[in-house]
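Me: I should like a close look at a single part of the structure shown below, together with its surroundings. Please explain each term when it first appears, as I am a first-year student.

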Amino acid sequence: MEKKKNIFICLILTLALGIILLPFFFSKDEKGGNYSNSKWTHEITVKDGTVTPGSTTTDFTIARDGNYRISYGWLPEGTDKNKIMELGPSDAHFLTVIQIFDSKGEQLFSTCAGYLFADTVMDLPAGQYSAVYTYFTDSDSFMEFAKENLCPARQAGQLAQDMGFENFGGDAVVRINYEMTWRASGEDPVFALWIFVIILLILTIVVFLAVSKKNEDYDERQQLERGRAYCLGFMTILICMFLAITIDALELLPVQGYVLYAVSIFPGVMAFVTYCVWHEAYFSLREKEKSLLIIFGIIGAINLVISITAILEGRLGVNGRPGTSILNLACAVMFLELFLVVFLKKIRTSKETDEED
Amino acid sequence: MKNLRLKAARAGLDMSQQDLADQVGVSRQTINAIEKGDYNPTINLCRAICKALGKTLDELFWEE
């Protein structure tokens, strides 16, 4: 019976993990699928005050008819990835306009008024498309662009000077890394359904565990200790929430507010589990420490890998502030701490048993 | 305060903490905590331990 129960729990956890990872598999579809991401580099040469080429083109394919959300990012080499959203025209070097054309040469989209960020939804039939990037060909064209789009004419010269458009002052070669993402907007309901299924699964697992771990599974001392642990966890969360509200309201840290609130939950869980484990009240009478030790270790390691990857790829922040990716880091810290606590407790318990023998 | 009488009674029957814990339906750590005096058991658990060890409440838990 016990074995069947464990198999059932493993099946549910595997299923949950599979569903969680599903979108990552979808995101690796070939170019032109529901979701795709392309990266490429253009090399722009400045010689005698003239930029070559004046524009560059990248072709892409849409495999199925539908509404697509298309977004771009561009990153001159040497730019901090976390500050990509704060790039100004001078940071974006020579980029002025992004346009999208269909296979007949008809323009479908164009950025305008110096707003160099492109993120739009378009109804695109299946076919070939081109994204054209136009650059300032010389310093005069930048001045014209600044006058039209950025500031009054009398300030344009000063603006150009302030921006330090140094590459126009001498010969240079600039490499700009581009990234384009297109995703079928029709996927949104799928994502909503995915989130719904995840929540449903979590609830199912919680209810299942709550039902299977009846109070009879813990002896009277364990129930007493668990009560104290709940109290400790609850108070920890309250204190952390208060700190999060204070930090968010006074903007003491450059962190997104929702991240602070989400991270506040982790110390509470850590306090509860650590207290329970250390007072031998976490495992019920029928549970073994070994299986949980493995689960904590695996979850901690997975989250650590995800967060390290996010840090290396510069995905840890939004507008230069830590975003939701930091939750993986918090999760990794939590599970590795719990892994350490269970491990140390296991060693201590085995020593006690040896002494008793 | 350590409950040495409980430990002696258990050892007298050649039982380990785990054996006694299994008989009375608690964890080994709970028996350990009672013997070390870290936990005061309820009267129900005291009775169960006494039955398992063939002793009376006075013999195991009454302090002179």
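Reply: Helices and strands are runs assigned by DSSP, numbered from the N terminus; a helix is a run of H or I of at least four residues, and a strand is a run of E of at least two. Read in this way, the elements of chain B follow the order α-α-α-α-α from the N terminus, that is, five helices and zero strands. The part chosen for the close look is helix 3 of chain B, residues 28–36.

Some conventions come first. Residues are numbered from 1 along each chain as its sequence is written, and chains are lettered from A and ligands numbered from 1 in the order in which they are written. The model is predicted, and local features therefore need pLDDT of at least 70, side-chain atom pairs count only at pLDDT 80 or more, and totals for chains, interfaces and linings use all residues, while side-chain values use heavy atoms, with hydrogens and water left out.

A residue is called buried when its relative accessible area is under 20%, exposed when it is over 50%, and partly exposed in between (1.4 Å probe, protein chains only). Helix 3 of chain B is largely enclosed by the rest of the structure, because eight of its nine residues are buried. These are B:R28, B:Q29, B:T30, B:I31, B:N32, B:A33, B:I34 and B:E35. For chain B as a whole, 44% of the 64 residues count as buried. After helix 3 of chain B comes B:G37, which has a positive phi, near 80°.

One residue of this helix deserves particular attention. B:Q29 lies in helix 3 of chain B and, with 14% relative accessibility, counts as buried. Contact means heavy atoms within 4.5 Å. When neighbours within four places in sequence are set aside, B:Q29 is in contact with A:R221, A:E280 and A:T349.

Its partner A:E280 is found in the loop between helix 6 and helix 7 of chain A. A:E280 is buried too, as its relative accessible area is 17%. Most residues other than glycine have a negative phi. A:E280, by contrast, has a positive phi, near 55°, and is not a glycine. Within chain B, B:D14 is also a residue other than glycine with a positive phi, about 55°. B:D14 sits in the loop between helix 1 (4–12) and helix 2 of chain B, and counts as exposed at 70% relative accessibility.

B:Q29 also takes part in the lining of a pocket. On a 1 Å grid over the protein atoms alone, a cavity is a set of points where a 1.4 Å probe fits but cannot get out; a pocket is an open set with protein on both sides within 12 Å along at least five of seven lines, and lining residues have an atom within 4 Å of a point. Grid points are joined across faces, edges and corners, and a volume is the space filled by probe spheres set on the points. The second largest pocket has a volume of about 570 Å³. Of its 23 lining residues, A:E287, A:K288, A:E289, B:Q18 and B:Q29 lie nearest its centre. Two or more lining residues come from each of helix 7 and helix 8 of chain A, and from each of helix 2 (17–24) and helix 3 of chain B. Helix 8 of chain A gives the most, namely five residues. By class, the lining has five nonpolar, nine polar and nine charged residues. Here Ala, Val, Leu, Ile, Met, Phe, Trp, Tyr, Cys and Pro count as nonpolar, Asp, Glu, Lys and Arg as charged, and the others, Gly among them, as polar.

The surroundings on the side of chain A include a nonpolar core, a set of buried Ala, Val, Leu, Ile, Met, Phe, Trp, Tyr and Cys residues joined through side-chain atoms within 4.5 Å. The largest such core has 20 residues, of which A:F272, A:V273, A:V277, A:Y282, A:F296, A:M334 and A:V342 touch the most other members. Helix 6 (257–278), helix 7 (289–312) and helix 8 (325–356) of chain A each give two or more residues to this core. A second, separate core of 17 residues includes B:V24, B:V26, B:L45 and B:L60.
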